[in-house]
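Please read these notes with the model open beside you, and check each point against it as you go. They begin with the chain taken whole and then turn to particular places in it.

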Amino acid sequence: MPPRKSSYWSATREPRYSLTFAFPLLVLYELLAFSLTHDSINGVRNGADVLLKSLFVVLGGRRGLIVFGVLLIGTGVWLVWKDRKAHGPAVAKYFLGMMLESILYAFCFGMVAGTLTAILLHGPQFLALGPIQNLSLPTQLMISLGAGLYEELLFRVIIVSALARMARVLFGWKPLSAGIFATVVGALIFSAFHYIGPFGDPLELNSFVFRMISGLLLSALYLLRGFGVAAWTHALYDVMLALR
């Protein structure tokens with residue numbers, strides 16, 4: 001029996017599209033990071049990247065990074081292969097649509113988050129880059145690409161999913177209640193993360209609220225459009241902040 005065709009909107013959330021679409025972002029970030037630092041461990045990198053890799057580095061140093069890379073790419077390839085086997089090959093033109101979507105969402109993202117922040121705080125609110133704006137432009141672009149990939153992987157895929165599962169198992173909540181709880185708490189953690197470390201932003205109410213709303217919007221985008229579109233939207237928005 002041939003695989004059943006699905007619409008663009010449902011198909012592009014699946015691994016054969018979503019993870020394949022995100023893969024160039026991983027390659028661009030890692031190549032740019034290595035070219036700037038010439039080191040796979042030390043040097044300036046995105047904070048979520050450092051956090052995800054730190055356990056592997058502690059346990060195995062550079063070999064730990066190899067294990068991390070094999071797990072990350074191997075899991076992605078297995079998910080794409082499994083999805084492709086079940087639903088057939090990807091339609092090439094869909095990837096163009098996903099990129100156009102990501103560009104559109106990135107342009108609208110700051111306006112929507114800023115408007116919602118302004119409504120809550122009763123006044124116009126804007127987000128500055130913080131201490132990383134003192135870094136070179138290539139470094140800012142590298143961190144922006146890493147934010148799209150690794151922050152979405154850490155906060156949306158891992159943390160929000162883990163919080164939702166915890167709420168269902170420990171509290172016995174229904175999926176909707178667990179999902180809302182996980183999304184809100186995940187957004188709080190996502191916002192707080194940006195004030196930690198040597199390149200953390202100075203803690204201010206307007207930027208904290210802006211980032212929390214951003215976390216909610218990105219969680220909604222992840223659920224509705226999948227990991228790939230959410231990752232590229234986040235990355236492109238941060239790139240636009242660096243270039244303005």
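1. Of the 244 residues in the protein chain, 43% are buried. Please keep in mind throughout that this is a predicted model. The exposed surface of the protein chain comes to about 13200 Å², and carbon and sulfur atoms supply 73% of that area.

2. The secondary structure consists of seven helices and zero strands, so that a reader who follows the chain from the N terminus meets the order α-α-α-α-α-α-α. Along its principal axes, the C-alpha trace spans about 60 × 45 × 40 Å.

3. How does the radius of gyration of the protein chain fit what a compact globule would have? For 244 residues a compact globule would have a value near 18 Å, and because the protein chain has 18 Å, the two agree. As for contacts between residues with a separation of 6 or more, 76% of them join residues 24 or more positions apart.

4. Helix H4 (residues 92-121) deserves some care, since its length and its bend should both be reported. At 1.5 Å a residue, its 30 residues should span 44 Å, and its end C-alpha atoms are 44 Å apart, so the expected span and the model agree. There is nevertheless a kink of about 35° in H4, centred on Cys108. After this helix comes His122, which has a positive phi near 60°.

5. Which elements do the buried residues of H4 pack against? They pack against helix H1 (8-11), helix H2 (15-37) and helix H7 (205-243). The buried residues of H4 include Tyr94, Gly97, Met98, Glu101, Ser102 and Ala106 towards one part of the list, and also Phe109, Gly110, Ala113, Gly114, Thr117 and Ala118. As a rule, an α-helix has 3.6 residues a turn, so residues three or four places apart point the same way.

6. Two serines make useful examples of burial. Ser102, which is found in helix H4, counts as buried because its relative accessibility is 0%, where buried means under 20%. Leaving aside neighbours within four places in sequence, Ser102 is in contact with Phe21, Val229, Trp232, Thr233 and Leu236.

7. Is Ser18, the other serine, buried or exposed? Ser18 lies in helix H2, and because its relative accessibility is 2%, Ser18 counts as buried. Again leaving aside neighbours within four places in sequence, Ser18 is in contact with Thr12, Arg13, Met98, Gly226, Phe227 and Gly228.

8. The largest nonpolar core has 47 residues, and within it Leu25 and Tyr150 touch the most other members. At least two residues of this core come from each of H1, H2, helix H3 (47-87), H4, H5, helix H6 (175-193) and H7, and H7 gives the most, with 14 residues. In soluble globular proteins, nonpolar side chains tend to be buried together. Not counting residues up to four places away in sequence, Leu25 touches Leu145, Gly148, Leu149, Ala231, Trp232 and Ala235.

9. Where is the kink in helix H5 (residues 137-171) centred? The kink is centred on Glu152 and amounts to about 35°. Just after H5, Gly172 takes a positive phi of about 70°, and a student may wish to look at this glycine alongside His122, whose phi is also positive and which follows H4.

Methods
Residues numbered from 1 in each chain as written. Predicted model: local features only at pLDDT ≥ 70, side-chain atom pairs only at ≥ 80, totals over all residues. Heavy atoms only, no water. Bend = angle between axes of the 7 residues up to and from the residue. Helix = DSSP H or I, 4+ residues; strand = E, 2+ residues; numbered from the N terminus. Expected span 1.5 Å × (residues − 1). Buried < 20%, exposed > 50% of the residue type's maximum accessible area, 1.4 Å probe, protein only. Contact = heavy atoms within 4.5 Å. Core = buried A, V, L, I, M, F, W, Y, C linked by side-chain atoms within 4.5 Å. Rg over C-alpha atoms; globule rule 2.2 N^0.38 Å. Areas by Shrake-Rupley, 256 points an atom, 1.4 Å probe, with all protein chains shown as cover.
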